[in-house]
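Trainee: I would like to go through this model with you step by step, asking about one feature at a time.
Mentor: Please do, and let us put the structure up before we start.

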Amino acid sequence: MTKKQKKTLKRIIAAALALLFHFVELPWFVQLVLWLVPYLVIGHDVLRKAFVGIKNGEVFDENFLMAVATVGAIGCGEYAEGVAVMLFYQIGELFQSYAVGKSRR
């Protein structure tokens, strides 16, 4: 595993632990703040790539679509779903990068 893959794995584990907030009943604004932290931990690079893609005229790439889907879920009040979708996307990206690295070796 590369250094970048290990860093991504740590971010995935940290965001996965945040899914436990789903079982706690709190006011919506407190939930929003508690869900934005793991969302930004796990998805900041996807959001950054989406913004750069829009800036460069590449609007409909996978990063933009993931950003729209997850921000839309959070906007609808489904905080756990937004974080979970981003989490599963990052898990898939980690497996893909690991498989590509193994096949190149």
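Trainee: Is arginine 11 buried or exposed?
Mentor: Bear in mind throughout that this is a predicted model. A residue counts as buried when its relative accessible area is under 20%, and arginine 11 has a relative accessible area of 14%. Because that value falls under the cut-off, arginine 11 is buried.

Trainee: With which residue does the side chain of arginine 11 meet in a salt bridge?
Mentor: The structure holds 1 salt bridge, and general considerations are simple here: side chains of opposite charge can pair when their charged atoms come close. The N to O distance in this pair is 3.1 Å, and it links distant parts of the chain, with one residue in helix α1 and the other in helix α2, 34 residues apart. The partner, which itself counts as buried at 14% relative accessibility, is aspartate 45.

Trainee: Which residues does glutamine 90 contact, leaving aside its neighbours within four places in sequence?
Mentor: Glutamine 90 lies in helix α4 and is buried, with a relative accessible area of 4%. Both residues of the salt bridge, arginine 11 and aspartate 45, appear among its contacts. The full set is Arg11, Ile12, Ile42, Gly43, Asp45 and Val46.

Trainee: Which residues touch the most other members of the largest nonpolar core?
Mentor: This core has 15 residues, and α1, α2, α3 and α4 each supply at least two of them, while the largest share, 7 residues, comes from α4. Leaving aside neighbours within four places in sequence, methionine 86 is in contact with Tyr39, Ile42, Gly43, Val46, Met66 and Thr70. The residues that touch the most other core members are Ile42 and Met86.

Trainee: Which element gives the most to the lining of the largest pocket?
Mentor: About 400 Å³ of space lies in this pocket, and of the 19 residues that line the pocket, the closest to its centre are Lys4, Thr8, Asp45, Lys49 and Glu93. The elements giving two or more residues to the lining are α1 (3–18), α2, α3 and α4 (79–104). With 7 residues, the element that gives the most is α4.

Trainee: How many residues of the lining of the largest pocket are charged?
Mentor: Aspartate 45, the residue that meets arginine 11 in the salt bridge, is one of those closest to the pocket centre. The lining divides into 4 nonpolar residues and 7 polar ones, and the number that are charged is 8.

Trainee: Is glycine 57 buried or exposed?
Mentor: Glycine 57 lies in the loop between α2 (28–55) and α3 (62–75), and its C-alpha atom is separated by 27 Å from that of isoleucine 91, 34 residues apart along the chain. The cut-off for this class is a relative accessible area over 50%. Because its relative accessibility is 57%, glycine 57 counts as exposed.

Trainee: Taking the chain as a whole, what percentage of contacts between residues at least 6 apart in sequence join residues at least 24 apart?
Mentor: The chain has 4 helices and 0 strands, follows the pattern α-α-α-α along the sequence, and has a C-alpha trace that spans about 50 × 35 × 15 Å along its principal axes. Of its 105 residues, 31% count as buried. Among contacts between residues at least 6 apart in sequence, the share joining residues at least 24 apart is 63%.

Terms used
Residues numbered from 1 in each chain as written. Predicted model: local features only at pLDDT ≥ 70, side-chain atom pairs only at ≥ 80, totals over all residues. Heavy atoms only, no water. Buried < 20%, exposed > 50% of the residue type's maximum accessible area, 1.4 Å probe, protein only. 1 Å grid on protein atoms, 1.4 Å probe; cavity = no way out; pocket = protein on both sides within 12 Å on 5 of 7 lines; lining within 4 Å. Points joined across faces, edges and corners; volume = space filled by probe spheres on them. Nonpolar A, V, L, I, M, F, W, Y, C, P; charged D, E, K, R; others polar. Contact = heavy atoms within 4.5 Å. Salt bridge = Lys/Arg side-chain N within 4 Å of Asp/Glu carboxyl O. Core = buried A, V, L, I, M, F, W, Y, C linked by side-chain atoms within 4.5 Å.
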